[in-house]
Amino acid sequence: MNTADLGLPVDVPSTALFTDQYELTMLRAALKAGTAERRSVFEVFTRRLPHGRRYGVVAGTGRVLDAVENFRFDADVLGFLRERKIVDEETLEWLADYRFSGDIWGYPEGEVYFPGSPIMRVEGTFAECVLLETVILSILNHDSAIAAAASRMASAAGDRPLIEMGARRTHELAAVAAARAAYVGGFATTSDLAAGFRYGIPTVGTSAHAFTLLHDRERDAFRAQVDTLGRGTTLLVDTYDVAEAVRTAVEVAGPELGAVRIDSGDLLLVAHRVRQQLDELGATNTKIVVTSDLDEYAIASLAAAPVDAYGVGTQLVTGSGHPTCSMVYKLVARAESGDPGAPLVPVAKKSSGGKTSLGGRKWAARRLDEDGIAEAEIVGTGPVPPALADRQLLVELVKGGDVLTREPLDVPRDRHIAARANLPLSATQLSRGEPVLATEYVTERPGGENGSAVQSLERPLPPGPGSL
């Protein structure tokens with residue numbers, strides 16, 4: 001059962017304190033200034049991909065929806081804020097009734113993204129939107145980093161399944177989120193039971209070296225495992241001598257032995273030797289699973305080895321060297337007054353050092369070449385060009401505070417496979433390179449023949465009110 005799909009609460013009573021203090025102090029000041037109710041648009045995007053990465057993967061969207069629904073200031077939370085004098089009584093009264101009542105649009109989970117892609121757009125009053133900044137970024141930055149690493153590993157593994165087994169290498173709650181993101185990115189199973197319970201991800205697991213060491217003889221350990229789990233189990237064969245362990249494993253389980261696992265040594269060499277030995281012993285259908293600090297490069301190096309599955313831990317849950325996506329949550333448009341009908345004004349800070357942003361409420365579409373392969377990410381403001389109308393990427397996730405839909409986890413997983421397949425072939429190369437798609441901007445400008453112009457991400461528009 002996928003409990004998240006049923007809309008059950010997250011693992012904490014409230015997500016309201018998954019925030020930074022300055023969001024509450026901004027709220028307090030905006031309430032006093034009379035600007036808190038101004039209609040506002042915030043967008044989540046990243047200015048660049050991690051160095052050398054060719055695409056990003058959107059993951060964590062379903063968890064964001066849970067977090068928004070559970071963003072409630074209950075009595076205990078309000079008591080904490082009052083005791084610490086973080087906000088005044090007027091603000092506490094406002095928070096007591098907080099319910100997000102705005103709209104959220106976003107790239108569907110599992111979709112790929114590029115620098116400048118408006119991955120999520122949050123619309124409502126300034127007050128209700130600003131409070132969600134930290135929790136949204138916390139989820140999307142973490143989960144998308146894991147999913148991107150998982151996607152690269154899945155691409156390197158080809159048709160061979162991947163097992164997520166990194167729970168012991170990260171925070172206990174982050175481990176559950178990591179297993180979920182890994183599944184979206186292409187992993188087949190997880191060792192983490194909490195992830196299986198929460199999200200319905202298939203779980204696997206047999207034994208560790210401790211089980212072999214517990215017994216007087218390796219044969220006794222194998223016999224106990226086979227007697228309990230059946231001949232189709234996976235036996236760990238590198239506690240002592242691999243060749244002797246493989247021989248013993250087949251003697252105990254017979255040629256019906258499900259698999260052997262190798263967790264150390266020169267995996268390429270050992271895998272070839274084990275495959276030959278298994279075949280000579282008549283265990284031609286016994287599979288070989290390899291683990292041991294694998295990453296996408298190690299997996300790719302084993303492409304020619306007789307390996308049937310990979311188990312990945314540390315490198316996966318740490319994003320294979322990039323544990324965050326550097327996503328930001330920026331105000332891009334706001335009304336000039338609290339009147340619900342007041343028009344939106346584009347806003348963006350002026351900044352140097354690569355932190356320039358573009359104002360305006362944005363849409364995004366992906367342009368395809370004549371073969372149906374993606375060739376550019378188009379981000380724009382104003383009307384969507386007719387040629388891109390059926391290629392838009394953002395979908396409505398929340399309307400008037402209500403979550404519109406929740407997807408079983410297999411849906412974003414399949415979506416990612418399709419999205420990655422729609423990219424140029426170079427997207428799956430592990431060598432470092434630039435994003436596989438360029439990001440172009442279509443922006444409204446007064447005058448001109450058609451009122452729009454295309455401008456690349458490398459030459460951003462001058463930011464600020466009215467810059468569009």
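This is a guided tour of a predicted model, moving from one serine to a pocket, then to a sheet and to the enclosed cavities.

Begin by selecting Ser207, which sits in the loop between α8 (193–199) and α9 (209–214). Is this residue buried or exposed? Its relative accessible area is 16%, and because buried means under 20%, Ser207 counts as buried. Now add Gln225 to the selection and display both side chains, which are joined by a polar contact of 2.8 Å. If neighbours within four places in sequence are set aside, the residues in contact with Ser207 are Gln225, Leu236 and Arg261, so it is worth showing these three together before moving on.

Keep Ser207 and Arg261 in view and turn to the largest pocket, whose volume is about 800 Å³. Its lining is made up of 30 residues, of which Met165, Ser191, Ser207, Arg261 and Thr291 are the closest to its centre. Next, colour β6 (162–164) and β11 (309–312), since each of these strands supplies at least two residues of the pocket lining, and β11, with three residues, gives the largest share. Sorted by class, the lining of this pocket comprises eleven nonpolar, 14 polar and five charged residues.

For the sheet, select the strands in the order β13-β12-β1-β5-β3-β16-β17, which form an open sheet of seven strands with antiparallel pairing. At its edges stand β13 (344–346) and β17 (402–403), and each has a single partner strand, so one side of each is left without a neighbour in the sheet. Zoom in on β12 (residues 328–335), which runs antiparallel to β13 and is joined to it by three bridges; here Ala333 can be found opposite Pro346 in β13.

The last stop is the enclosed space, where the structure holds two cavities of 30 Å³ or more. The largest cavity, with a volume of about 60 Å³, has among its lining residues Pro50, Arg53, Tyr55, Tyr113, His322 and Cys325. Which helix should be shown beside it? Helix α6 (residues 133–157) provides the largest share of that lining, three residues, and by class the lining has six nonpolar, four polar and one charged residues.

The second largest cavity, of about 40 Å³, can be brought up by selecting Arg53, Arg54, Tyr55, Ala148, Arg152 and Ala427, which line it. In this lining there are three nonpolar and three charged residues, with no polar ones.

Key
Residues are numbered from 1 along each chain as its sequence is written. This is a predicted model: local features need pLDDT of at least 70, side-chain atom pairs count only at pLDDT 80 or more; totals for chains, interfaces and linings use all residues. Side-chain values use heavy atoms; hydrogens and water are left out. Helices (H or I, at least four residues) and strands (E, at least two) are DSSP runs, numbered from the N terminus. Buried means under 20% relative accessible area, exposed over 50%, partly exposed in between (1.4 Å probe, protein chains only). A polar contact is a pair of N or O atoms within 3.5 Å; within protein, one must be able to donate a hydrogen and the other to accept it, and residues adjacent in sequence count only if both atoms are side-chain atoms. Contact means heavy atoms within 4.5 Å. On a 1 Å grid over the protein atoms alone, a cavity is a set of points where a 1.4 Å probe fits but cannot get out, and a pocket is an open set with protein on both sides within 12 Å along at least five of seven lines; lining residues have an atom within 4 Å of a point. Grid points are joined across faces, edges and corners, and a volume is the space filled by probe spheres set on the points. Ala, Val, Leu, Ile, Met, Phe, Trp, Tyr, Cys and Pro count as nonpolar, Asp, Glu, Lys and Arg as charged, and the others, Gly among them, as polar. Two strands pair if DSSP finds at least two bridges between them.
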